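Student: I would like to go through this structure step by step. Please show it to me before we start.

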Amino acid sequence: MIAYLGRRVVQSVLILLGVSLITFALLYLLPADPVRQIAGHSATPETVENIRRQLGLDQPFVVQYWHYLTSLLSGDLGRSYIQRSEVTELIVSRLPASLLLMVGAIACEVVIGLTMGLIAAVKRGTATDQSLMVASFVGVSAPQFVVGLLLLYVFAVRLGWFPIGGYGTWRHLVLPSLTMGILGAGWYARMMRSSMIDVLRQDYVRTARAKGLARSAIIFRHALPNAILPVIAMIGIDIGIFMGGIVVVESVFGWPGIGQLAWQAIQRIDIPIIMGVTLVSAFAIVLGNLLADTVAPFIDPRIKLR
Amino acid sequence: MKTKKTREREHDMRKYLISTVAASVLALVLGMTSVRAEDAVDPNAKQGGAITITYKDDVATLDPAIGYDWQNWSMIKSLFDGLMDYEPGTTNLRPDLAESYEIAPDGKTFTFKLRHGVKFHNGREMTADDVKYSLDRVTNPKTQSPGAGFFGSIKGYDDVAAGKAESLAGITVVDPYTIKFELTRPDATFLHVMAINFSHVVPKEEVEKYGTDFGKHPVGTGAFKLAEWTLGQRVVFERNPDYWHKGLPHLDKITFEIGQEPIVALLRLQKGEIDVPGDGIPPAKFQEVMADPEQKARVVEGGQLHTGYITMNTTMAPFDNVKVRQAVNMAINKDRIVQLINNRAVPANQPLPPSMPGYDKEFKGYPYDVAKAKALLAEAGHPGGFDTQLFAMNTDPNPRIAQAIQQDLAAVGIKASIQSLAQANVIAAGGDKAGAPMIWSGGMAWIADFPDPSNFYGPILGCAGAVPGGWNWSWYCNKELDTKAAEADSIVDPAKAGERAKMWSEIYGKIMEDAPWAPVFNEQRFTMKSARMGGADNLYVDPVHIPINYDNVYVTDVQ
């Protein structure tokens, strides 16, 4: 167990290093010049060169990357070119909003997804099953930008149940969580359905049925706990999908999280922020996977860590 | 560079005072209406109330030496002041922190008398030392100001820019209320430079206290003070009760909500939750808004200092032939392109936008004439046209406009393939001499930093901009016009402003003969506001305070 964990941690560090190198190289290779972006259209060539020198962007790639890496090890993500603030400060100030959205989104997708999957599995082969699966397919494939605007229009503008974007109260949280959750719910519904169908085929379920147990007791007491475990273990892996989604959803809803920060930084080629958010996201994904894998054997004794 | 002769002349020069009256005369000469600066407070304005404004992008910094964004430009103007400013809603210069100014006849020495009793938000009185400090700071390479180059005409600039001096030799504090600027050349744009954000006055003690974070803790002399800044969420301004300009500002509080998509902002405006969507009406919703009389009534339309154009690389065949460039000018159906963007612009025939001094109303430009364009191409030795590339930015409506241009060009035989790229990539291609034969400037086009005709020349049409990484994407360099431009900019005497504007008209007329650009349209601005917002319409399309003039607008629903 400890050997496994040690190996995984080393692997994770290597993955993060790789991510940092690839992102840094991609940003370095951009045909766009970040200094021009900072300097604006009126800057003289001297001003542009002066800024380039002070930011160390006139150095060769290896030197720039080495500088970045060494300050990263001391916990310094650098200073934003455009915002002129510490990247760590910017990310930390926005992290709570993203985490809150993550909790809301996971709650939505788990509740909606598991319910849909459960019903579909139990009603397997019926029209209910088919329509639920079509719905989950739509949920998985609908662009979040569209889903978000649609929910905003119906529930905020037309019905006025929720505020039109923004951040602050639980009412602000509902629509963005739902937008994120609809995508995840589709996945969870499909997974839950197949997992449940597997379990319902097991001998012990047949035995329970043969004993004359009530259908609801079989489903909820015997089948569900076993079917739900592998699905729950997916939440850790889900963080990756989530990190991709927040960029869009946070922008649509004016949600002040790191997704919105990343989106604005990309538009303005604010390299330190792009690097910072990428690394933090990569860290979250790696950590999520690690947790999911570590916790899995506790949830499902059939899995063994080696 | 200061010559001995200049120095001698400085001693016996006859100075003359520009009073507000003279400034009004100047404005009349330029054909503009003028309001007396001091009394420019709307008598109908109501005091108090709070408004909410939304922006999509985060506010980067509120440091006047650094801020250069759509959203922070006008915010900084409300927190800080400069020696000069413009009458609200116009392009007419007037003294601001300065009470009056004198210009030496040689146009190289400017002396400003400062207003007494102007206080920074921290309570300290602003003096000439602060003005000097602020300009030393903005030109210091360590500040990394994108605007440092604007101060290039001040004596000693080169030494400060090179890091050889800490202070501009050309600025002298005569007494706490008098400051003198010596320039290396006569500079007719200098008063504009003294009005631009980068020259706004900051208190040394606060800058030193916060260091690089001054932009997050701005302290100025302006109409508003920063009350709250929650990163990524909101910026709140509150009224500065000690503002030197009595009667201003009208509003008690402005809340800027950050991170709101324009389309969401419009929905919130329709619900009455916000007062001004700072990023304007989203193009996809424009027709819907304009078709609804109730909404249309709350839209204010105005010009802006913007021109959208096609550049032709004059160093690349076949665009090195003036006839080919003229043919392109005649091939473009500008009216159709304007229709394509829902008439949010007016067709252009010259580089300068109509609201800019020096714009030539009589100039006819190149007509839309397919037959003549074909004839010119034949004369140039391309009767069957040729193949080329048109670069354009990849965000709407630019690809659509590029396609319209492509069709127009095809009609005269020019087969242009469209290179639709991210903004930064198009800019990079334009700054590379062999990079792009043609560029549609949309999304990157020049918006003037200050309302002066020279601002459309140097970097985008002059030889100085025709360098790698420059903005002169036509690589057009006419030494004769460069000399003429320098000559025009040495006419500092405000009484000769008309003459100077005329010289600039001639320069742009000559440029159009050489046709390095095909000007396409001048974008109009459409600002939408809530029903409760009051104040003259031109405050909502202020050419300088973009998008709106926060200091002078008010709300009508306060008691």
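Student: What is the mean pLDDT of chain A?
Tutor: This is a predicted model, and each residue carries a confidence score. In chain A, 97% of the residues reach 70 or more. The mean pLDDT of chain A is 86.

Student: Where in chain A is confidence lowest, and where is it highest?
Tutor: The low end is helix 2 of chain A, residues 34-39, with a mean of 78. The high end, at 91, is helix 4 of chain A, residues 61-73. Lowest is therefore helix 2 and highest is helix 4.

Student: Over which residues of chain B is the pLDDT below 50?
Tutor: Chain B averages a pLDDT of 89, and 92% of its residues score at least 70. One stretch falls below 50, although it has 50 contacts in the model beyond near neighbours in sequence. Where pLDDT is low, the predicted coordinates should not be read in detail. The stretch in chain B is residues 1-39.

Student: What radius of gyration does chain B have, and why does it agree with a compact globule?
Tutor: Chain B has 559 residues, and a compact globule with that many would have a radius of gyration near 24 Å. The value for chain B agrees with this because it is 24 Å.

Student: What percentage of the residues in chain B is buried?
Tutor: A residue counts as buried if 20 or more other C-beta atoms lie within 10 Å of its own. Applied to the 559 residues of chain B, this gives a buried share of 51%.

Student: How are helix 6 and helix 8 of chain A oriented to each other?
Tutor: The axes of helix 6 (residues 127-141) and helix 8 (residues 170-200) of chain A come within 7 Å and cross at roughly 140 degrees. The contact includes A:L132 and A:F137 of helix 6 and A:I182 and A:W187 of helix 8. Helix 6 of chain A passes helix 8 of chain A in a left-handed crossing. An angle over 145 degrees would count as roughly antiparallel, so helix 6 and helix 8 of chain A are oblique to each other.

Student: Which helix of chain B gives the most to the side that touches chain A?
Tutor: In the model, 39 residues of chain B are in contact with 39 residues of chain A. The elements of chain B that give two or more residues to this side are helix 8 (262-270) and helix 15 (423-430). With four residues, the one that gives the most is helix 15 of chain B.

Technical notes. Residues are numbered from 1 along each chain as its sequence is written. Chains are lettered from A and ligands numbered from 1 in the order in which they are written. This is a predicted model: local features need pLDDT of at least 70, side-chain atom pairs count only at pLDDT 80 or more; totals for chains, interfaces and linings use all residues. pLDDT is the predictor's confidence in each residue, from 0 to 100. Two residues are in contact if their C-beta atoms, placed from the backbone, lie within 7 Å. The radius of gyration is taken over C-alpha atoms; the globule rule is 2.2 Å times the number of residues to the power 0.38. A residue is buried if 20 or more other C-beta atoms lie within 10 Å of its own, exposed if 12 or fewer, and partly exposed in between; C-beta atoms are placed from the backbone. Axes are lines fitted to C-alpha atoms, for helices over the stretch in contact, and angles run from 0 to 180 degrees between N-to-C directions. Angles under 35 degrees count as roughly parallel, over 145 as roughly antiparallel, 65 to 115 as roughly perpendicular and the rest as oblique. A crossing is left-handed if the near helix is turned anticlockwise from the far one by less than a right angle, and right-handed if clockwise.
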